[in-house]
Amino acid sequence: MSIEQLVSFLGWCSVINIGFLTATSLLLILFRTQISHIHSRIMGVSESGLPRLYFQYLTLYKIAISTFNLAPYIALKMIN
C-alpha cells in the first residue's frame, strides 16, 4: 500500500467517523427524551444518569477519531 493510498484511506475514515459523530450528536440533541427513555429501559440505567453516559461516549469517540484517524492523516499529509 502506497502512502497516497494510506492518506486517502485515513481521510475517508475521518470523514465517515466525523459524520457518524455529528449524526449521533444531533440525534441526542433533537430526540433526547425519546432516546433516553428507550436506553433507560434497555440498559436498566436511570434517565437522570444517561446524559453523563452520552457525554462520555461522545468524548471518547472524539478522542478515538483524533488519535486513530486525524493525527495519522495529518502526519502523512505533512511528510508527503
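Start by selecting Leu10, which sits in helix α1. Keep in mind that what you have open is a predicted model. Is Leu10 buried or exposed? Its relative accessibility is 9%, and buried means under 20%, so Leu10 counts as buried.

Now show what surrounds Leu10. Setting aside residues within four places in sequence, Leu10 is in contact with Phe68, Asn69, Pro72, Tyr73 and Leu76. While you're there, add Ile74 and draw a C-alpha to C-alpha distance: Leu10 and Ile74 come out 9.3 Å apart in space, though 64 residues separate them in sequence.

Next, select the whole of α1, residues 3–30. How far apart are its end C-alpha atoms? They are 40 Å apart, and that agrees with the 40 Å expected for 28 residues at 1.5 Å a residue.

Stay on α1 and colour its buried residues: Val7, Leu10, Gly11, Cys13, Ser14, Leu21, Thr24 and Leu28. Here's a handy thing to remember as you look along the helix: an α-helix has 3.6 residues a turn, so residues three or four places apart point the same way. To see what lies over the buried residues of α1, bring up α2 (32–43) and α3 (50–79), which are among the elements covering them.

Slide along to Thr24, another α1 residue. Its relative accessibility is 14%, so Thr24 counts as buried too. Which residues does Thr24 touch, leaving aside neighbours within four places in sequence? Select Tyr57 and Leu58, and you have its contacts.

Now for a residue out in the open. Pick Ile29, also in helix α1. With a relative accessible area of 58%, Ile29 is exposed; the cut-off for exposed is over 50%. Switch on the surface and add Leu26, Leu27, Leu30 and Phe31 to Ile29: together these residues make a nonpolar surface patch of about 510 Å².

Move on to helix α2 and click on Ser40. This serine is buried, with a relative accessible area of 12%. Where does the side chain of Ser40 reach? Follow it to the backbone oxygen of His37, at 2.9 Å. Not counting residues up to four places away in sequence, Ser40 also touches Val45, Ser46, Glu47 and Leu50.

One of those contacts makes a good last stop. Ser46 is found in the loop between α2 and α3. Ser46 is partly exposed, at 43% relative accessible area, whereas Ser40 is buried. To finish, draw a line between the C-alpha atoms of Ser46 and Leu26: the two residues are 20 places apart along the chain, and their C-alpha atoms are separated by 22 Å. Leu26 should look familiar, as one of the residues in the nonpolar patch with Ile29.

How values were computed:
Residues are numbered from 1 along each chain as its sequence is written. This is a predicted model: local features need pLDDT of at least 70, side-chain atom pairs count only at pLDDT 80 or more; totals for chains, interfaces and linings use all residues. Side-chain values use heavy atoms; hydrogens and water are left out. Helices (H or I, at least four residues) and strands (E, at least two) are DSSP runs, numbered from the N terminus. The expected span of a helix is 1.5 Å times one less than its number of residues. Buried means under 20% relative accessible area, exposed over 50%, partly exposed in between (1.4 Å probe, protein chains only). Contact means heavy atoms within 4.5 Å. A polar contact is a pair of N or O atoms within 3.5 Å; within protein, one must be able to donate a hydrogen and the other to accept it, and residues adjacent in sequence count only if both atoms are side-chain atoms. Patches are made of residues with over 30% relative accessible area and no salt bridge: like charges are joined within 9 Å, nonpolar side chains (Val, Leu, Ile, Met, Phe, Trp, Tyr) within 5 Å. Accessible areas come from the Shrake-Rupley method with a 1.4 Å probe; for residues, only the protein chains shown count as cover. A salt bridge is a side-chain nitrogen of Lys or Arg within 4 Å of a carboxyl oxygen of Asp or Glu.
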